[in-house]
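The following paragraphs lead through the arrangement of one protein model, passing from side-chain contacts to the sheet and its helices.

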Amino acid sequence: MGHGGGGTLSSELVEHVFAPAFGSPELSGFPDSAVLRLGGARLAFSTDSFVVRPLFFPGGSIGDLAVNGTVNDLAMSGAVPAFLSCAFLLEEGVELETVARVAEAIGAAARAAGVRVATGDTKVVESGHGDGVYVNTAGIGLVPDGVDIRPDRAVPGDVVIVSGPIGLHGVAVMSVREGLEFGVRIESDCAPLGGLVAAMLAVTPDLHVLRDPTRGGVAAALNEIAASSSVGVLLQERALPVPPEVANACALLGLDPLYVANEGKLVAFVPREHADAVLAAMLAHPLGAGARIIGECVDAHPGMVVARTAFGATRVVDRPLGEQLPRIC
Amino acid sequence: MKYLDEFQDPELARRLFDDIRATVTRPWALMEVCGGQTHSIIRHGIDQLLPEEIELIHGPGCPVCVTPLEMIDKALEIASRPGVIFCSFGDMLRVPGTGRDLFTVRGEGGDVRVVYSPLDALRIARENPDKQVVFFGIGFETTAPPNAMTVYQARRLGIRNFSLLVSHVRVPPAIEGLMTSPDCRVQAFLAAGHVCSVMGTEEYPQLAERFRVPIVVTGFEPLDILEGVRRAVRQLERGEHRVENAYPRAVRPEGNPAARRMLADVFEVTDRAWRGIGTIPASGWRLSEAYREFDAEQRFEVGDLTTVEPAACRSGDVLQGLLKPHECEAFGTVCTPRTPLGATMVSSEGACAAYYLYRRLAGAPTPVEVAPVG
């Protein structure tokens, strides 16, 4: 299970097993989506599979995730998402009504994201061999001229911005999956980020890196960027936008909000001279209304993420190994 | 669930740091008993910011770390059997037994489930009457009462396919064991607040008096710990050795009487082996005679299983405060969260895990010098 957690084990599976076997230059640097030249255009191309229990949770469903996850992977290359494929893996015995609800959610999310589902596939597996419904989506989008956003483009001096409160999706799913009551309803932040990225690119095409901090959370995303670009990242712990309800839930379970999944947030590495203007554009967009500068790129400790604590000490923010496990007491 | 921001306030922390600096005149060694306190200290960098005279020694209070190897192996043996649903808190799944862990058993087809409450395991037992459901009951005085309650409920509801693999431990005998060791350097204790919220503070005055050590009951947020350090240092500087409660919002002298009654009903005190440390007299609980039928060791006949701890792991020294994690030769080289030699490297409250997670810059425990952001 750890190999699917979005941490070190996931990365190693891709780096040591899949990438060498495929041998494609497009996989270099492991961006969220591949940017391919086709004719005169640059196309971003990405795929993702969605396995979530329960299928419906506060603030979204597997259908919303299936659209927004792939749309956001395209947007992290600066692409304007255009078309999706959608493949269903259904478990024998799943209610048709459930499948219809998921399909409705996919349609609605696609319309909201401004993309069209252009092709698809359906397979059924025997009862007991699936969790009701699995969905895979792939997507393509156009990358505007002059835009070059890659995980290996961060340089010392870049300002690190996060688009809003972190940890909501992971805690929302956990609250219903495990039947935990946190005293307040916590909703997933699941949302398509193409519009927010377009608003940022309208300020400057020179965004260095964008990443949506899904599995493994902000910590995994920042570590991947630090490793890809061979830069250090210095976070200011006090600047991290952690909603009180997420902080409380994480404190209860012994989890760190930095490692909890998000589905409607991005982290951006922006040249310092553009940082204020990009932040202003984000704040003016509904999906960036909670945007904050959380740190910067530094020469020190290349490949590592370090946080300055509230009291002025420092600590390493490591890559998660696999999934976080709630503590015993 | 408020009490978070209030107890992480940098300005209040600065005042406490200043007060401690103004009080301390010579070196003192304080032990924080609980692994949760250790993680808070390392995560927030409290030890980096305290005056150099104050050494924080990390104690044995990580329930996952001290669960003996043979108990882990018993869990692995039971979880591997067909017809068994083995339930555990999440952080036990990565703890290495002899050659494998509970994740491995699950990967091999064993039905190992993470639960958030022992009562969830009881629910699973009700829903699966044709299976044997076992809950791994480990931990200190904090987790023992709910586990006792689960067995009590199982009997009340007539659920026979449920049992408890018990490896509970008690803090006061561990403190006594530490203080009677000839290597002990501890001059004051920060006692674990959540343990005292259950058991109260009645067991501590005799320890403070006998060993002439201040014991300050402390919470887990940074300001809780700083207040505990402040009070302990003040006592040490004055030559005092009292029990103080610096966690009054959670701890009353009598503790939680209902939880204590449940413990006394379902469990009885027994000698218990601590991983890396050895057997400490009267330091554990087992099911009392009246509830012995719910004992998984008996039900699955694994009581005879014994194992040998690998010599390379020095987690026992770490747990007794004799060795800092980074001083271990194996730390960060052959011993990492992926290839742990002992539980201290994988437990969410383990001292080795705290150093590995938060201090792993060039292998040194010192902070890096970095310029503040803009």
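In this predicted model, the guanidinium-bearing side chain of R155(B) lies over the face of Y291(B), at 4.4 Å from the ring centre. A second arrangement of this kind involves R170(B), which is placed over the face of W285(B) at 5.8 Å from the ring centre.

The sheet may be taken next. Chain B contains an open sheet of 6 strands, ordered β4-β3-β5-β6-β11-β10, in which the pairing is mixed. Its edges are formed by β4 (111–114) and β10 (267–274) of chain B; each has a single partner strand, so one side of each is left without a neighbour in the sheet. On average, neighbouring strands are turned by 25° against each other, direction ignored. At the β4 edge, strand β3 (residues 84–88) of chain B pairs with β4(B) in the parallel sense over 4 bridges. Within this part of the sheet, S88(B) stands opposite V114(B) of β4(B).

Two helices of chain B are to be placed against these strands. Helix α7 (residues 118–127) of chain B packs on the sheet, where it touches β3, β4, β5 (132–139) and β6 (162–169) of chain B. The direction of α7 makes about 170° with that of β5(B). Helix α8 (residues 144–157) of chain B lies across β5, β6, β10 and β11 (278–287) of chain B, and runs at about 155° to β6(B).

Aromatic contacts complete the picture. Over all chains, the structure holds 8 aromatic pairs. One of them joins F86(B) and F136(B) in an edge-to-face arrangement, with 5.7 Å from centre to centre and 65° between the planes. Because F86(B) belongs to strand β3 and F136(B) to strand β5 of chain B, the pair ties together parts that are 50 residues apart in sequence. Both partners are buried: the relative accessible area is 0% for F86(B) and 1% for F136(B).

What is the geometry of the rings of F89(B) and F135(B)? Their centres are 5.4 Å apart and their planes stand at 90°, so this pair is edge-to-face. The contact links distant parts of the chain, 46 residues apart: F89(B) is in the loop between β3 and α6 (102–107) of chain B, whereas F135(B) is in strand β5 of chain B. With a relative accessible area of 8%, F89(B) counts as buried, since the cut-off is under 20%. F135(B) is likewise buried, at 0%.

Definitions and conventions
Residues are numbered from 1 along each chain as its sequence is written. Chains are lettered from A and ligands numbered from 1 in the order in which they are written. This is a predicted model: local features need pLDDT of at least 70, side-chain atom pairs count only at pLDDT 80 or more; totals for chains, interfaces and linings use all residues. Side-chain values use heavy atoms; hydrogens and water are left out. Two strands pair if DSSP finds at least two bridges between them. Axes are lines fitted to C-alpha atoms, for helices over the stretch in contact, and angles run from 0 to 180 degrees between N-to-C directions. Contact means heavy atoms within 4.5 Å. Rings of Phe, Tyr and Trp (its six-membered ring) pair if their centres lie within 6.5 Å; planes under 30 degrees apart count as stacked, over 60 as edge-to-face and the rest as tilted. Buried means under 20% relative accessible area, exposed over 50%, partly exposed in between (1.4 Å probe, protein chains only). A charge sits over a ring if NZ of Lys or CZ of Arg is within 6 Å of the ring centre and within 35 degrees of the ring normal.
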